[in-house]
Amino acid sequence: MAAVSKTKHMIEGFVKDGSLKWLNKSHNPLHDEFEEIKRSSSSSNKKWINDLSAVANVVIRRCSKILHISTDKLWENFEAEASDVTKHPIRYARNFLEFACFRALSQSTQVNGYMEDKRFRRLTFDMMLAWEIPDSASQQTINIDEDPTVGIEAFSRIAPAVPIIANVIVSNYIFEFLTASTGGRLQYSTYEKYLSALEKSIKKLKSHSESSLLSSQRAKRGERILEVDGTVTTQPVLQHLGISTWPGRLTLTDHALYFEALRVVSYDKPTVYELADDLKQVVKAELTGPWGTRLFDKAILYKSNSLSDPVVMELPELKGHARRDYWLAILREVLYAHKFIRKFKIKGVERDEALLKAIFGIIRMQALTHMNSTIPLCYEEGLMFNACDQLPGGDRILETIASMLTSKEPERNNNNGGKSGNGKGMYSVSATTMASSLGSVFGANSNNQSLITVGEITVGEMTPLEKAVGESRSNYKMVADAQATVDGAKVEGLDTNLAVLKELLFPLSELGFHLLRLLYWDEPTKSFTFCFVFTFIIYWGWLAYVFALLINFFAINMVMTRYFSGRPVDELRVVVPPSMSKMEQLLAVQNAISQAEELIQEGNVVLLKIRGLFLSIFPQATNRFAAALAGFALFLTFVPFRYVLLVMFLEEFTKYSPMRKAQTERFMRRMREWWFSIPAAPVLLEREEDKKKK
């Protein structure tokens, strides 16, 4: 009786002092449930868990109603399925809450039209609130003077449990985009607006895929139409093929890109540009303009082995190139998804899961385009496969996803009710599990047990995917900071870049000048001494020791002089243009000058990075490089030089053999990512005063 009285007074206290005042700001079904708990607590202590916060108790009770079991039975299931680590007292309340939320969301997402249910929207938001304040000790963190908001950790933990809302890889970006104007805290009004936009995007995808668009072409593979453009005369899509240009309609499915040229009153038969097959496709941004000039950055180039000439799709708009950027990103998302499927040989339901991850990502981007944000939308960061292509260690993330998709543990069966012997309740729902409730266009009925796969989050644990994503994000911050310095290293103007290049090459030119003086015996004494010393060194086989000494000297020098920061450079290929008319020649000269300036500019960045390494600008990069140099110096010290040459020969001629190809690709990617993290040394431009008279 004492415990019952204490619970009653605690609940009355919460209501009296306004601790749950936020529930009254707008009508909330959970508030009614809390009142019911308060009324029943005077006669029974079973419906209120003292160790949980008020909002956590309300959410737990709502979850038990969805699962059609009592809160006591839900707690018993958690005790039976959870590991000892998961039941640790420090995180017990939060882990029990996650268990209840994941099971309830798994059940809720099997109901058709759940995205339209405002109670479902409010429930998911309240789950995030409860996750932030799971126990009674944290109840005081609720701000009763304002509508409650949630942070990035709660969003990234709960939102991916509904795959259409977010996933582990892009949840941080979605949250940052939604909270750009609210100080990094998500308000319910913004969250509900995002879910409403998601609902509209889903309906749009359904209407496209259920229409007669490309019906005959799509029938064989059951393709889903993801986006259509060019149907409005004010926003045409122009296809450039050779010297011909045609307006038309552009359609993207989850397998291919279709273009239908517009005639007088109808469209031509669609031209198919495959994205699913292995045709060595290249999709990139392209410049277009009159007479073949490169003036307008609003187009996409597509080329593959099946085409003799590349095709350019232009998406003109009056200002900027956001329309092109959006299409480029979603095209690459589908292309990268199929490359992922082929690389890891994913088949069956796992293949559907991978494609759904790409489709849901595109739906989320469509929804975010309707949100009013203070920052521009970066499509590459919000699409999973695009993000993995950009993030350091993105290949590890994809390997982890493939491992999770093809893993047979835990077993794929769905146990409803209170019994879940295989621990299925410890996992969030997967995309294929909840896809059919969004409409038949997304897949078959998920009641088929063979379609059940586990999701990306585990109660109370960091999954391998979360660990890989966390590591990649921490590395990305370092790379982004290094890349930002390159913008400061680039200078405008050909003459300026040549001056920078000359200054960067000054140490090498001075060294070359002295070597030439020795070579031409301008100073006989010095030349004779140099010749005698090096003849002696080579004769006695001391050349390796000299090189080792020099390398160690540079390594020690770098460690002793650490200062600055930097970024990577893309390789620039210059293609000789064909013969042109006078006007074309003038335009080509202008273009060549621009490209030459860019080439020198990028060359300066490479040299600035090398300068940064030798000056030990960035401690982490220089320490690793110095350690590598020291290790190589020891290798040269103890291994005969002829064996070194033999190893180098074998290394060069066997690195692309079938046995080593995968390892070489991984190693080359690691080296590129390390190079991208090297900062460029800053450049200070000093101009002499112009003493000429006006």
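Tutor: In this predicted model, a patch is made of residues with over 30% relative accessible area and no salt bridge, and nonpolar side chains are joined into one within 5 Å. Keep that in mind and ask away!

Student: Which residues form a nonpolar patch on the surface, and about how much accessible area do they have together?

Tutor: Look for nonpolar side chains that meet the rule above. F547, L550, F553, F554, V606, I610 and F614 form such a patch on the surface. Together their accessible area is about 600 Å².

Student: Which helix gives the most to the nonpolar patch?

Tutor: Two helices each supply at least two of its residues: α21, spanning 543-560, and α22, spanning 582-614. The top contribution is 4 residues, and the helix that gives them is α21.

Student: Is F553 buried or exposed?

Tutor: F553 sits in helix α21. Exposed means over 50% relative accessible area. The value for F553 is 52%, so this residue counts as exposed.

Student: Why is helix α8 described as largely enclosed by the rest of the structure?

Tutor: Helix α8 covers residues 171-178. Its buried residues are S171, N172, Y173, I174, F175, F177 and L178. The helix is largely enclosed because, of its 8 residues, the number buried is 7.

Student: How far apart are N and O in the salt bridge of E199 and K203?

Tutor: Both residues belong to helix α9 (residues 188-209), 4 residues apart, which is about one turn of the helix. An α-helix has 3.6 residues a turn, so residues three or four places apart point the same way. In the salt bridge between the E199 and K203 side chains, the N to O distance is 3.1 Å.

Student: Is E199 buried or partly exposed?

Tutor: Its partner K203 is partly exposed, at 43% relative accessible area. Buried means under 20%. E199 has 14% relative accessibility, so E199 counts as buried.

Student: Which residue forms a salt bridge with D325?

Tutor: D325 is partly exposed, with a relative accessible area of 21%. The partner is buried, at 3% relative accessibility. The closest N and O atoms of the pair are 3.0 Å apart, and the partner is R324.

Student: How many salt bridges does the structure hold?

Tutor: One of them joins the side chains of E79 and K87, at 3.8 Å from N to O. E79 is partly exposed there, at 27% relative accessibility. The total for the structure is 22.

Key:
Residues are numbered from 1 along each chain as its sequence is written. This is a predicted model: local features need pLDDT of at least 70, side-chain atom pairs count only at pLDDT 80 or more; totals for chains, interfaces and linings use all residues. Side-chain values use heavy atoms; hydrogens and water are left out. Buried means under 20% relative accessible area, exposed over 50%, partly exposed in between (1.4 Å probe, protein chains only). Patches are made of residues with over 30% relative accessible area and no salt bridge: like charges are joined within 9 Å, nonpolar side chains (Val, Leu, Ile, Met, Phe, Trp, Tyr) within 5 Å. Accessible areas come from the Shrake-Rupley method with a 1.4 Å probe; for residues, only the protein chains shown count as cover. A salt bridge is a side-chain nitrogen of Lys or Arg within 4 Å of a carboxyl oxygen of Asp or Glu.
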